[in-house]
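Please work through the following exercises with the sequence and the coordinates at hand. Each task is followed by a solution in steps.

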Amino acid sequence: MEQELRKEAKKLLEEGKVDYIVGFATGSLKFSTTPLITRDKEEVASLVINPFIVNNLAKFLTQLPGRVGIVAKGCDSRSIVSLIQDNQVVRENIVIIGVPCSGLIDMVKVEKLVGRDRDEIDDVSLKGGKVTVVIGGQKTELPTEKVLFDSCLGCESPSAREYDTFIGEPGKETGGRGLGKDKIKELESMTTEERWEFWKTQFSRCIRCYACRQVCPACFCERCFVEESEPQWVLPAPKWQDNLIFQVIRNIHVAGRCTDCGACERVCPVNIPLRSLTKKMCGLVSEMFNYEAGTDKNAPPLMTAYEYEEAKDLIR
Amino acid sequence: MERKPEWEPTIVGFLCKWCSYAGADLAGTSRKKYPANVRIMKIPCSGRVDPLLVLKGLRLGFDGVVVSGCHPGDCHYQTGNYRARRRIAITKKFLEYMGVPEERIQASWVSASEGDKFARVVADTTKSIKKIGPNKLFAGNGR
Amino acid sequence: MTIKKISKKDMVELLLDWGREMTVLVPSRDKGVTEMTEWDGKDISFLGWYRNTVIPTKSSFLPPVEEMFTFQKNGNGYQIEVSPGQGKRVVFGVRPCDARAIAIMDKVFTDSHEDPYYVSKRKNTVLIGLGCTNPYDSCFCTSSGISPAESTDVDLMFTDIGDDFVIEEITEVGKELLATASIVKKASQADAVTMKKARAAVSGMVTRKVDTKNIVDKLQACFNDSDFWEKVAAKCVGCGVCTLLCPTCCCFDICDELFKKQGARYRTWDSCGFSSYTKMPMENPREEKWRRVRQKVCHKYEFFPMNSEVIACTGCGRCIRLCPVNWDITEVLASVPAEQPIKNK
Amino acid sequence: MAVTNISPRKKKLDEDNVYLPSIAVIDRIIEETPSVRTLHFNFKEEKLRKRFSFESGQFAELSVFGVGEATFCISSSPTRNDHLECAVNRVGLVTNALHRLGVGAEIGFRGPYGNSFPLELMRGKNLVFVGGGIGLAPLRSVIYNVLDNRNEYGKINIIYGARTPADLCFKYDLDSWRKDKSIDVAITVDKGDESWTGTEGFVPAVLEQVAPSASDAMAIVCGPPIMIRFTFPVLEKLSFAPEQIITTLEKRMKCGIGKCGRCNIGNIYVCRDGPVFTYAQMKNFISDEY
């Protein structure tokens with residue numbers, strides 16, 4: 001499959017159909033990958049597809065000039081569609097190389113299950129619905145439900161729906177297992193005060209590195225409201241109050257754009273459960289406005305569209 | 001005997017200048033009685049209300065936020081209030097999930113002729129906020 | 001230098017002993033992220049799981065947010081109230097890389113103008129090092145001249161030799177800290193040998209290397225090679241993880257807050273990775289991402305050594321481990337061209 | 001146990017706290033242009049007024065409490081030390097707040113920081129001041145410094161320009177300098193209006209016309225980066241050596257004392273090693289980020 005992808009990418013560059021190829025290459029650490037952004041025909045030989053391709057590459061589309069060939073899993077492709085809806089990307093300028101995805105492995109979960117850090121593990125592989133972990137020659141099999149990212153377990157379209165060429169066979173749906181909603185249910189069963197207290201604690205450790213914003217394809221503003229100085233909406237200091245406002249507003253600003261890909265939660269260095277926000281937001285958007293982000297490139301963006309009658313119970 | 005005065009909430013109201021602001025004006029000129037708890041900000045259209053304004057209001061210590069615009073279909077700019085509606089609905093629901101009581105954020109449609117309704121909205125909002133007490137959401141430090 | 005020793009099971013007692021006089025900080029993951037926090041007086045399980053904290057030890061001296069002073073407005077005037085200074089503390093479990101980082105920060109905060117907030121914390125804090133036994137695969141401290149289990153940038157240095165820790169008394173302050181602790185015993189010659197062996201073994205476990213030979217010259221030569229830096233910066237998403245969580249990065253921002261009449265001035269972490277960092281109203285000298293990436297790399301490996309004769313990177317590997325896109329500084333440094341580019345600027 | 005030799009007592013942070021601003025009171029405001037005003041202020045504490053000293057070219061951090069701090073050069077001369085002056089261009093958070101203040105308002109003052117214009121080197125020489133827009137502010141400090149010791153210096157040339165006549169700062173100073181027979185003043189605007197009778201044209205072009213002699217002279221340049229970029233070649237054409245050209249650089253700063261990190265140009269920190277540099281020094285900068 002990787003060979004096929006490399007061949008395709010090389011062809012696109014050679015034929016001058018694209019100026020850049022954006023994909024994944026093996027990272028410098030175990031079980032890591034890194035975005036490969038290249039114009040070099042030879043460099044595409046290092047493109048890979050494996051269960052560790054965690055980044056949402058759609059982020060780079062808004063940064064690169066010219067025509068771009070992009071390797072897309074289901075989540076990347078949804079984000080691309082969303083960017084097309086927002087006129088951030090011109091469909092004709094991109095070539096989407098769809099790749100199958102049977103879920104990405106959450107190494108934090110693996111670490112917890114085997115009680116070892118990732119650099120102490122020899123091998124992790126995903127095959128036939130099972131994840132095999134090798135430590136010191138010892139093999140352990142783990143069910144995918146326990147080690148895939150929550151976002152993957154709830155994913156309805158793991159393989160790209162919007163694509164120009166597809167490499168291999170589309171992966172099977174991993175979604176519908178109801179997983180990933182647990183945390184939201186847990187939160188919803190709390191009282192309002194308890195919920196506020198919960199988020200206060202979470203955001204107390206935010207250091208405002210903005211990794212969540214920077215990896216989010218839906219965050220394409222040239223200048224974010226947190227950097228505005230006249231007026232200064234939030235303090236640059238990472239006080240929990242301002243951290244919380246930043247994240248809440250970020251979520252509202254990307255409502256209808258956020259595809260719940262989980263990139264923000266994955267990169268948070270202080271482990272704030274951001275998907276409990278994005279997932280909830282996607283749920284709200286779908287419940288209230290019957291809208292699902294990144295599914296229809298011809299649909300108007302959520303916040304510019306309206307029905308004559310909606311949200312009646314909320315506004316008097 | 002001296003009685004401790006009842007706690008009075010402070011509410012910020014973002015009112016569209018084409019309708020609700022005029023509605024508030026009408027409520028005043030026609031001598032409608034309504035609680036004096038609301039501090040009015042005139043805005044060009046309810047579509048101007050970024051959720052940021054709502055949260056900033058709460059952050060600054062207002063006990064409640066009222067957003068009011070033209071009735072659906074009556075927007076001076078055709079669709080401003082439709083867009084405001086989606087945004088405010090999402091904000092309200094999402095903040096509720098975060099742990100902000102729903103009572104703190106109120107939205108309504110008030111036309112320039114509805115002085116009555118404006119008075120009612122303010123009275124009801126004040127009442128419901130009195131019930132849940134002062135906004136201590138962002139307290140702790142800095143207030 | 002005299003060496004002493006303590007049995008691991010006596011550690012609670014030793015920490016309790018110190019805790020009577022001072023606040024004791026130890027590695028903890030109770031708050032959802034590993035960092036140095038106040039010890040609860042019981043739990044020393046960190047001795048088992050602790051490799052290094054995500055939040056570097058610098059946060060004990062330069063916290064993410066720090067109140068500098070508060071002010072009260074009366075009429076047109078202001079009354080300033082300075083925030084209280086730091087009480088005595090002991091930080092236990094500082095890794096050699098983070099200890100060196102603090103020595104590097106000392107240079108910044110004590111040159112020409114002394115920084116009262118940093119210095120007050122620094123002077124009232126005893127640093128106790130704990131040698132690594134299991135470095136990460138992202139660690140490359142040995143390339144910065146640091147041994148993962150050895151440090152003289154601390155007051156006391158603990159080395160794991162199995163059931164016991166060997167303790168080196170590096171400074172007088174450290175020595176004093178052990179003077180009355182009866183559970184601490186004299187170490188034997190054999191312990192010293194075991195310690196040396198343990199150290200050598202751990203050093204060997206650090207396999208990631210950076211060739212720092214002539215790095216200043218090499219970076220100077222390619223400083224204006226924008227093609228190189230653009231390539232290097234391509235996949236960087238421009239977040240602040242690597243810089244904010246770097247143990248030596250100590251750039252900060254100062255901001256004010258005012259509610260009604262009561263306000264405060266804060267000092268907070270800031271990062272050269274953000275475009276707002278150098279933004280001036282009319283122009284921004286580092287608007288482009290590659291300039292910011294260049295600044296980050298060159299500050300550590302070119303400018304800082306030029307000014308202070310030490311590389312401002314201790315090889316703790318956090319920036320590699322925590323980077324959202326696996327942007328790896330060791331790879332970047334390895335790719336710095338050895339010769340001046342032909343393209344002349 | 002007592003750890004006696006680590007700081008014997010909890011040192012109060014208000015002693016020698018470099019970050020602690022002194023309170024100053026605005027006693028006069030002059031609106032220079034639609035976006036620039038000059039604040040005249042003085043320390044609230046009598047003691048400080050006497051103790052405080054600075055040199056031409058140094059800068060300070062002014063704060064509006066509750067809004068923040070920003071960096072300004074001191075535009076008054078140390079030879080006229082009954083009060084301090086700073087020119088404020090309304091461009092951002094703090095400058096906007098400073099523009100909202102009135103006479104009697106209290107502000108915070110931290111400084112002076114940075115190096116200053118090398119008066120020892122300038123003494124006895126002919127001086128050419130080249131300024132643009134609000135860049136006259138730091139020059140003004142040194143110009144008054146020089147004028148107050150007029151006999152110690154040679155010929156003085158002032159070439160100053162702004163975008164439009166309305167953008168000319170310190171018009172009252174320009175007027176008084178024009179009347180002063182001991183100095184040559186050339187004032188220009190990029191684009192004049194109906195009432196403008198003076199020169200039109202960019203500062204570097206006017207400088208080329210005026211063509212001051214480079215022999216035994218020093219040029220002191222300050223203005224927007226674009227002006228500086230075009231002025232240096234003109235000065236070199238007039239055979240000024242890089243050592244004879246002095247400028248002062250502007251960078252975003254927070255601390256003013258070489259710690260917060262953002263004002264570096266390569267290994268140079270503008271706040272600590274500058275802001276005044278000779279063109280010769282600048283040619284040795286590693287970076288072009290200025």
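The exercises below concern a predicted model.

**Exercise 1. Domains of chain A**

Task: Describe how chain A is divided into domains and which classes of residue line the domain 1 side of the contact between them.

Solution:
- Step 1. Domain 1 of chain A is made of two segments, 2-104 and 148-304, while domain 2 covers 105-147.
- Step 2. The C-alpha centres of domain 1 and domain 2 of chain A are 24 Å apart.
- Step 3. Taking C-beta atoms within 7 Å as the criterion of contact, 12 residues of domain 1 of chain A meet 10 residues of domain 2 of chain A.
- Step 4. On the side of domain 1 that touches domain 2 in chain A, 8 residues are nonpolar, 2 are polar and 2 are charged.

**Exercise 2. The contact between chains C and D**

Task: Determine how many residues each chain gives to this contact, and which element of chain C supplies the largest share of its side.

Solution:
- Step 1. Chain C contributes 55 residues and chain D contributes 44 residues.
- Step 2. Elements of chain C that each supply at least two residues to the side touching chain D include strand 4 (65-74), helix 3 (96-110) and helix 10 (289-308).
- Step 3. The largest share of that side, 7 residues, belongs to strand 11 of chain C.
- Step 4. By class, the side of chain C that touches chain D holds 27 nonpolar, 14 polar and 14 charged residues.

**Exercise 3. The contact between chains A and B**

Task: Identify the elements of chain B that give two or more residues to the side touching chain A.

Solution:
- Step 1. The contact takes 30 residues from chain A and 30 residues from chain B.
- Step 2. The elements sought are helix 2 (51-59), helix 3 (80-98) and strand 4 (105-109) of chain B.
- Step 3. Helix 3 of chain B provides the largest share of this side, with 14 residues.
- Step 4. The side of chain B that touches chain A comprises 17 nonpolar, 5 polar and 8 charged residues.

**Exercise 4. The sheet of chain D**

Task: Establish the strand order of the open sheet in chain D and name the strands against which helix 2 of chain D packs.

Solution:
- Step 1. The 6 strands are antiparallel in their pairing and follow the order 4-3-6-1-2-5.
- Step 2. Strand 4 (68-73) and strand 5 (84-89) of chain D are the edge strands, each pairing on one side only.
- Step 3. From one strand to the next, the twist averages 40 degrees.
- Step 4. Helix 2 (residues 93-100) of chain D touches strand 2, strand 3 (59-64), strand 4 and strand 5 of chain D, and its direction makes about 85 degrees with that of strand 4.
- Step 5. Within the sheet, strand 1 (residues 22-31) and strand 2 (residues 36-43) of chain D run antiparallel and are joined by 7 bridges.
- Step 6. D:Glu31 stands opposite D:Arg37, which lies in strand 2 of chain D.

Terms used
Residues are numbered from 1 along each chain as its sequence is written. Chains are lettered from A and ligands numbered from 1 in the order in which they are written. This is a predicted model: local features need pLDDT of at least 70, side-chain atom pairs count only at pLDDT 80 or more; totals for chains, interfaces and linings use all residues. Domain bounds come from an automatic or database domain assignment. Two residues are in contact if their C-beta atoms, placed from the backbone, lie within 7 Å. Ala, Val, Leu, Ile, Met, Phe, Trp, Tyr, Cys and Pro count as nonpolar, Asp, Glu, Lys and Arg as charged, and the others, Gly among them, as polar. Helices (H or I, at least four residues) and strands (E, at least two) are DSSP runs, numbered from the N terminus. Two strands pair if DSSP finds at least two bridges between them. Axes are lines fitted to C-alpha atoms, for helices over the stretch in contact, and angles run from 0 to 180 degrees between N-to-C directions.
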